[in-house]
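I opened my notebook to record how two helices pack and how two chains meet, and I wrote down each term as I needed it.

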Amino acid sequence: MLQQLVNGLVLGSIYALIALGYTMVYGVLQLINFAHGEIYMAGAFLGLYLTVSLKLPFPVAFVLAMAGAALIGVTVERIAYRPLRRSPRLAVLISAIGMSIFLQNLSLYLNGPATRGFLPPFKVYPIRIGEIKTSSLEVIILVVAILLMVGLQYLIRRTKIGKAMRATALDKETAALMGINVDRIISYTFAIGSSLGAAAGVLVGMYLNAVDPMMGLMPGLKGFVAAVLGGIGNIPGAMAGGLILGTAEVFGVAFMRSEWRDAIAFAILIVVLLIKPSGILGQNTQEKV
Amino acid sequence: MLVIKNLETHYGNIRALKGISLEIKKGEIVTLIGANGAGKTTTLKTISGLIKPTRGTITYEGQEISGKAPDAIVQMGISQVPEGRRVFTRLTVLENLEMGAYARRDQEIGQDMDKVFGLFPILKERQRQPAGTLSGGEQQMLAIGRALMARPKLLLLDEPSMGLAPLIVRTIFNIIQNINAQGTTILLVEQNAHLALSVADRGYVLETGQVQLADEAKKLLNDPRVRKAYLGD
């Protein structure tokens, strides 16, 4: 039991990192950024090349992969979403799906279809605490994910940029009247969300020792489910949703069959949409007139 | 201070402003009155840069500002208190005020915060509360305080009396006069014509996107056409 819980939390912290990208972008643009899974994939490839090919020290490579993915995320927004700012939401959604397919194919072209191995560039030790078997890699994943989430929470709650992001998410027009450059805030949002997705990509790439151009598809969808589960647009919700989804999946696999792994996630999505579409922490905003 | 000439604004194919001209001099309170749909809010949004005019000019302190981005216009010293208050409901009162000062880089933000708390002591008491929990009148005070945090030279107020109890309206209007007395020029949009004209120096009457009348506020108050159409005579 405890063993499954640990596995679930490791997986869940990854989903949470991915979910944050969806939820932040949704918060400011009410857009499901379907290209987010591909940002995660791009992050994994960047991490692979920077550590294995360029032999950079891991922390440096990790930060550079996040920065590189942030740049890709900001570029995607500039090219595919910003010109459609005043278009119907469906148009932007289709543009997002198109961007997702484009990035997958670009990656296939650049990297080839084969799955690459991504051995962690540091030694991994098995760790045993009583009945629980884990590894130093799992501990690193959990710790890095938690640090990133705490950092994000600090940024959103305490810094001027973070407050401006929340203001922009609540009311773009009024935010502009405050002297906030709304386009710039949207770019920051994409940069931060994408860098978290890339961090997840690098961590998973090493965890599974596998990186390939299509790897963003399923985790991307799972991250989306986690975001909806927690209440889309809600940052603590995305974190909670990720952890719950990861844990539910691991327990589901333990008690049922492993092929049902993905079915569990999407069953959760359907149940949430039926019972509480606003998610666990989602609130219906009320306005005083 | 602000000169608008032949301003036209469109929403798609609908011409909302059909060539408006008006002028605001430094230190004045100028009011725009008129019925729903006359173009009052559109005029303010166009000044603030939220809507791009299709024709005409807006000159602020000798500089053409139409077509500039809203954040650039705020930095030049024009702030707006939007219709319906539009406070950031899930941000605290304090955070709302901080957002008002977003474009500033100077060290005197704290001093101005104290000034706003001086004008509206209730906001100081409630500074840690989410703005969404305030009453309508308190939200209006917050919206005004927030705009003042940008240290505007010209303050645009859109329907500050909307939906408020008469006593609170009186308080808010006293404060508006107080702000003006301390040197901020004010452009006030109101449906409550009597109230607006009683505090303003001059007024413009808008009808279907055009200026119908322009005069000193006192004269408009006694103008039979205004009395008939807006003051319920």
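I first looked up how α1(A) and α2(A) lie relative to each other, and I noted that they are oblique, because angles under 35 degrees count as roughly parallel, over 145 as roughly antiparallel, 65 to 115 as roughly perpendicular and the rest as oblique. Their axes come within 10 Å and cross at roughly 135°, with α1 covering residues 2-29 and α2 residues 36-53 of chain A. I noted that axes are lines fitted to C-alpha atoms, with angles from 0 to 180 degrees between N-to-C directions, and that helices are DSSP runs (H or I) of at least four residues.

The model is predicted, so I kept in mind that local features need pLDDT of at least 70 and side-chain atom pairs pLDDT 80 or more, while totals for chains, interfaces and linings use all residues. Residues are numbered from 1 along each chain, chains are lettered from A, and side-chain values use heavy atoms without hydrogens and water.

Next I listed the contacts (heavy atoms within 4.5 Å): Ile18(A), Gly21(A) and Tyr22(A) of α1(A) meet His36(A), Gly37(A) and Tyr40(A) of α2(A).

I then turned to the two chains, where 29 residues of chain B touch 24 residues of chain A. They bury about 2500 Å², meaning accessible area (1.4 Å probe) lost on being put together, summed over both parts. Phe88(B), Arg90(B) and Tyr102(B) supply 27% of the area that chain B buries against chain A.

Finally I looked for salt bridges (a Lys or Arg side-chain nitrogen within 4 Å of an Asp or Glu carboxyl oxygen), and the interface of chain B and chain A has 5. Arg86(B) and Glu173(A) form a salt bridge, at 3.3 Å from N to O.

How values were computed. Helix = DSSP H or I, 4+ residues; strand = E, 2+ residues; numbered from the N terminus. Buried area = accessible area lost by both parts, 1.4 Å probe.
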